[in-house]
Amino acid sequence: MVLLAFVPFLYPPIPPIVDIGGHMGRLKIAADVADSQVLQQWFSFRWLPIGNLGVDLIVVPLSRLIGIEPATKLVVMSIPPMTVAGMLWVAREVHNRLPPTVAFALPLAFGHPFMFGFVNFALSMAFALLAFGLWLRLGRLGKSGLRAILFVPISFIVYFAHTFGWGTLGLLCFSAEAVRQHDRGVSWWKAPFLAAFHAAALALPVILIYLWRSDATGGLTKRWFDWDYKWEYLLRMFRDRWETFDIASAAIVLAVPVFALIHPRLTLSRNLAFSGLVLAGTYVLLTRIVFGSAYADMRLVPFPAAIFILAVRFKQETRFPLATWLALAAIGFLAVRLAGTTGSMAIAANRQTEQ
């Protein structure tokens, strides 16, 4: 399943996602400005420890070996497989197996934020899901001390990729730890405080955020509770080329956890359901524009949807006729979405070459 996420990018020479041109222009300047008098007439470049560097930190040094375009393609095409791997790891840690519905979540690796070209953000969310899988595993094994040590550097890695991924990772780890503490017999009154204590291992990048934002100018935070847009983003979590197809796909994704709640043999894992609720609540509260960056709330949409799908499980023992049908439906959905994304990128790539 992980390898299938490479397929849409095999044909296009440049990933045909909306914002990639701007990224590649900046990456070219970063890689070549020191040795180019022409670029130096117009540009200067300096690195700062900000939370929006994920693809830059990989592509710029890699480009010295293979060039900007191949380096960008290699890094960008690696993001969906890492996102899928993170989803599968999380599901495996929570359920001790992959649930039959898991494939419904995997096309969200190609959700609207990724197709828009928010590649630093998408990379940070892939890192966050992988890190969350590790957090769950170490918690399950009772290695809280080792987890605290490891997640200090991990928090910086995710932060430097993009601040949003670091914040999401903190919410995921906090919510999962709160449920774990409650399952160990801690009351719901005390569990959040213990969860916050454990999740504090991820808190040190706050220092860099303070230094970064104290240096920044402008960057308004506004457009609270813009319900029309929030509903629009929810329906268009797969926004790509064919509106009806994308909205129908979003409806299927939203229907899966609802079906699990009303079916007598299915339910949602409390662990992941709580994490999904925390992310969904964050989406409701998040503004459209944060520090001058637009589409802040839109970026989050695919991830609570994915977490809710990953939470689906059988109440008791697995019922194989039902599990078989669910697995076939999920794999069929994955295949159709993957074919659609591949076709869409091929069309865009052909238009690139015609221009």
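Among the contacts in the protein chain between residues at least 6 apart in sequence, 79% join residues at least 24 apart, a figure to keep in mind while the whole chain of this predicted model is still on screen. The secondary structure comes to 16 helices and two strands. The radius of gyration is 21 Å, close to the 20 Å that the globule rule gives for 355 residues, so the chain is as compact as a globular protein of that length. Taken along the principal axes, the C-alpha atoms fill a box of roughly 70 × 45 × 40 Å. If you switch on a surface, the protein chain exposes about 17,000 Å², of which carbon and sulfur atoms supply 67%, while 49% of the 355 residues count as buried.

Next, select residues 119-140, which make up helix α6. At 1.5 Å a residue, its 22 residues should span 32 Å, and the end C-alpha atoms are indeed 32 Å apart, so expectation and model agree. Helix α6 is mostly covered, with 17 of its 22 residues buried. Just after α6, stop at Gly142, where the backbone takes a positive phi of about 75°.

Now turn to the charged side chains, for which a search of the whole structure finds 11 salt bridges. Begin with Lys28 and Asp32, whose side chains meet at 2.7 Å, N to O. Being four residues apart in helix α1 (residues 20-32), Lys28 and Asp32 are separated by about one helical turn. An α-helix has 3.6 residues a turn, so residues three or four places apart point the same way. Both partners can be found with the surface displayed, since Lys28 is partly exposed at 42% relative accessibility and Asp32 is partly exposed at 25%.

Move on to Arg147 and Glu177, whose side chains form a salt bridge of 2.9 Å, N to O. This pair links distant parts of the chain, with Arg147 in helix α7 (residues 144-161) and Glu177 in helix α8, 30 residues apart. Is the pair buried or exposed? Arg147 counts as buried at 1% relative accessibility, and Glu177 likewise counts as buried at 1%, the cut-off for that class being under 20%. Keep Glu177 selected, in helix α8 (residues 163-183), and display its surroundings: leaving aside neighbours within four places in sequence, Glu177 is in contact with Trp135, Arg147, Ala195 and His198.

The next selection is Asp246 with Arg337, a salt bridge in which the closest N and O atoms are 3.0 Å apart. Asp246 lies in helix α12 (residues 243-262) and Arg337 in helix α16 (residues 320-354), so the pair ties together parts that are 91 residues apart in sequence. Both Asp246 and Arg337 are buried. Then select Glu93, Arg137 and Arg140, which salt bridges with shared partners join into one network.

For the last stop, return to the surface and select Trp224, Phe225, Trp227, Val284 and Leu285, which make a nonpolar surface patch of about 550 Å². Within this selection, centre on Phe225, which is placed in the loop between α10 (205-215) and α11 (227-235). At 38% relative accessibility, Phe225 counts as partly exposed.

Key. Residues numbered from 1 in each chain as written. Predicted model: local features only at pLDDT ≥ 70, side-chain atom pairs only at ≥ 80, totals over all residues. Heavy atoms only, no water. Contact = heavy atoms within 4.5 Å. Patch = residues over 30% accessible without salt bridge, like charges linked within 9 Å, V, L, I, M, F, W, Y side chains within 5 Å. Areas by Shrake-Rupley, 256 points an atom, 1.4 Å probe, with all protein chains shown as cover. Salt bridge = Lys/Arg side-chain N within 4 Å of Asp/Glu carboxyl O. Buried < 20%, exposed > 50% of the residue type's maximum accessible area, 1.4 Å probe, protein only. Expected span 1.5 Å × (residues − 1). Rg over C-alpha atoms; globule rule 2.2 N^0.38 Å.
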